[in-house]
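The following exercises are to be worked through with the sequence and the structure at hand. Each task is followed by a solution in steps.

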Amino acid sequence: MYKRSFVAGALSIALVAAATACSSSASDKAATPGANSDQPVTITVWGWDGTVEAAVPGFEKTHPNIKVDVVNAGSSFDEYQALDNAIQAGSGVPDLAMFEYFSVSYFAIPGKLTDLSKFGAKDFESDYVPGAWNNVVLGDGVYALPSDYGPAVMFYNMDTFAKAGIDSPPKTWEEYYQDAKAIHALGSDYYIMNDNADIFLLQSLIWQSGGRPFKVDGYDVNIDFSQPYTKRAVDYWQRMLDEGLVTTSFAAWSDDWNRTLNNGTLATQLIGGWFTSTLPERAPEQKGNFRVAPLPQWKDGQNVGAENGGSAFGIPKDAPHPDAAYQFLEYFTHGDGVQTRVDQGAFVPNVAVLNDPAFLSHTDAYFGDQEYRKVLAEASKDVATGWQYPPFFEWARSVYGDIAIPYYTTGKGSLEGILDEWKKQMTAYGNDQGFTVNK
Amino acid sequence: MSLQSTSVDAELAAPTPRRRNKVKRKQTGWLFLAPFALLFTFVLIVPISYSAYLSVFKNALVGGTSFVGFDNYVKLMADDNFWDAVRRVLLFTAVQVPIMLLSAALIALALDSRRLRGTNFARISVFLPYAVPAIVSTLIWGFMLGVRYGLFKSFNEGLGTSIDPFTPPLTLVSIGVMITWAFTGYNVLIFYSALKAIPHDLYEAASIDGAKQRQIIRFVKLPALRGSITITVIFSIIGTFQMFNEPQILPAIVSNSGITTHYTPNMYAYQLAFTGSEHGYAAALALVMALITVVLAYAVQLWGMRRALD
């Protein structure tokens, strides 16, 4: 008798616990129909961009019924995972979430993002640089609004270049190659660039060259690394690696990389424009030596750019308050909130900002008082369009490392071989996941 | 006769104190067990059952979740990445665990020999590495063993060698060094407690028989360690099979280490579940890995028990 009552008691506790868990998530969904902005509403924004928080006070003043709660739910990949989990669990879905451009299609294609066309977002097309807008549009819909941008540019160390007898940054890739030889001649530690299986680097080179290895049409994906423009970039970089002009002995973002930048033996960085915020901390001893320049071109006089990073914000499909979310989204990516964020250091792809003389005339002593934003703005406008990311790019980029590692470690193989294997694995994975890849 | 009937009446009227005590003891027993039972259920039984449930589904980015029966397990059996990782972890266990336990046993014997000065200090300092969080120790080791700016640079310069501890064949050795450094102290503690628990009359008997130190170690101390050796072997196998921290963090610090996303089974499961969104497949992998670990641990336990009964 006692045993039965004890078991009954334990079961009832478990049931109550389960019931409260279920009912709390149900009440989350039922709480607000979303359309009524007369009711005070709190929206949750997930993002690791520190400047978004700065736009909140201005928004809350003009929208007294909406409170904004900005939460850092992890950066990049960690946040995508958390968002996927929330969507699958059916609870805890934020009203707005941050996405790097390559992950927008990952969420948009299976319908996990709200199409913003119904809010009138399509009218904003000309307010952003084409490269950025290209990333948030899929088919007929707009699935996110760009919040920042990373045009691929070249940071070069004037001092190191001067040591090698070069007085101006390379304008073409042929010049870059010649300069690389001159830099490496300074000493066995001197290199023009580093690369350790960095897919973003290779990709920005392919992008700028005009290669479009990924073609996505809904669930149909076509992967091809053999097109001439793609091959041009790959063969060029292969030659740089083969001739030992690029160092592969340390990983980017590691302590070793910081020190190499800091002691001036690494002459350039082909990286996103956002690097301006972190380079001064990594290489303080090179203050006044680094400058920003556009990427070298394939033909003298051209002005073709590529992208290396950047993010956007979108509204998940099951967001509790989509209308209120869109009001804030529009505010900080398109409206008055943009300037607040720019003042905090954000680099945005909004054309109005990139044309603003006050914005462009900003200088920084670290870059020798160069008006570096002019370079970044031009580079943003020059980003070539037509690029598409495959919808499973996160997985693909983690696997790229696995495939590329043996080559970078042993020297056996080639970039072409790596890309071929990568294509094979992406095809197998994509088809297994329900896409139609290369069929 | 009347006495008998009254005692029977008395018995029928109320349960005897003995029977009431038995029920109360049973209830008390359950109450004592309850906290652990609840924890065990929610922390072990429920997640494992849920994983088993997940593993019979396939998750596709397009099309969502679908029931596939044992397909995930069949796919796992043919998965080169998985078996490669299992082989690596088995090799690592076979080499690292004996070295670590031998060192731990020697250190424990040394501490117990009472010939050591500063036993307390030695005991604490041997155990300290275990207290360092794995991430912190990996970062520091990564720096120390670095050939560009770390200690190994000086080592190479001093000896004229050019060894890079983080190139593919040596990477596993370096990880072995890190793990041995971290966990030897833990095993020393277990062995030391076992040695301390040896009844003193055994030592007296040994000295009466005229045993030398070497013989005391061989005939008194080592047999006493037998039980704890079995335990530490099981713990170490479980630990190395789950290796994750070091290979996960190292690629961010060192390049060309040869560490892939499927270097160990745990890393592969993590990659599958969180990068590839293949939760069902990852669950199947985790369960198969758990099964392999359980089988091995059970085999070790049987071996240990049989040795103990000799």
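**Exercise 1: The build of chain A**

Chain A contains 18 helices and 14 strands; helices (H or I, at least four residues) and strands (E, at least two) are DSSP runs, numbered from the N terminus. This is a predicted model, in which local features need pLDDT of at least 70, side-chain atom pairs count only at pLDDT 80 or more, and totals for chains, interfaces and linings use all residues. Residues are numbered from 1 along each chain as its sequence is written, and chains are lettered from A and ligands numbered from 1 in the order in which they are written.

Task: Determine how compact chain A is.

Solution. Step one: the radius of gyration is taken over C-alpha atoms, and the globule rule is 2.2 Å times the number of residues to the power 0.38. Step two: for the 439 residues of chain A the rule gives 22 Å, and the radius of gyration is 24 Å, close to that value, so chain A is as compact as a globular protein of that length. Step three: the C-alpha trace of chain A spans about 90 × 50 × 45 Å along its principal axes.

**Exercise 2: The build of chain B**

Task: State how many helices and strands chain B has, and assess its spread.

Solution. Step one: chain B has 13 helices and two strands. Step two: its radius of gyration is 27 Å, well over the 19 Å that the globule rule gives for 310 residues, so chain B is more spread out than a compact globule. Step three: along the principal axes, the C-alpha atoms of chain B fill a box of roughly 105 × 75 × 35 Å.

**Exercise 3: Two helices of chain B**

Task: Describe how helix 4 (residues 80-112) and helix 8 (residues 168-196) of chain B pack.

Solution. Step one: two packed helices are described by the angle between their axes and the distance between the axes. Axes are lines fitted to C-alpha atoms, for helices over the stretch in contact, and angles run from 0 to 180 degrees between N-to-C directions. Step two: helix 4 and helix 8 of chain B pack at about 40 degrees, with their axes 7 Å apart. Step three: angles under 35 degrees count as roughly parallel, over 145 as roughly antiparallel, 65 to 115 as roughly perpendicular and the rest as oblique; helix 4 and helix 8 of chain B are therefore oblique to each other. Step four: their contact has 17 nonpolar, six polar and one charged residues, where Ala, Val, Leu, Ile, Met, Phe, Trp, Tyr, Cys and Pro count as nonpolar, Asp, Glu, Lys and Arg as charged, and the others, Gly among them, as polar.

**Exercise 4: The contact between the chains**

Task: Identify which helix gives the largest share of the side of chain A that touches chain B.

Solution. Step one: the contact takes 31 residues from chain A and 29 residues from chain B, two residues being in contact if their C-beta atoms, placed from the backbone, lie within 7 Å. Step two: the elements of chain A that give two or more residues to this side are helix 1 (2-31), helix 3 (77-89), helix 10 (255-262) and helix 17 (393-410). Step three: helix 17 of chain A gives the largest share, nine residues. Step four: the residues on this side of chain A divide into 14 nonpolar, ten polar and seven charged.
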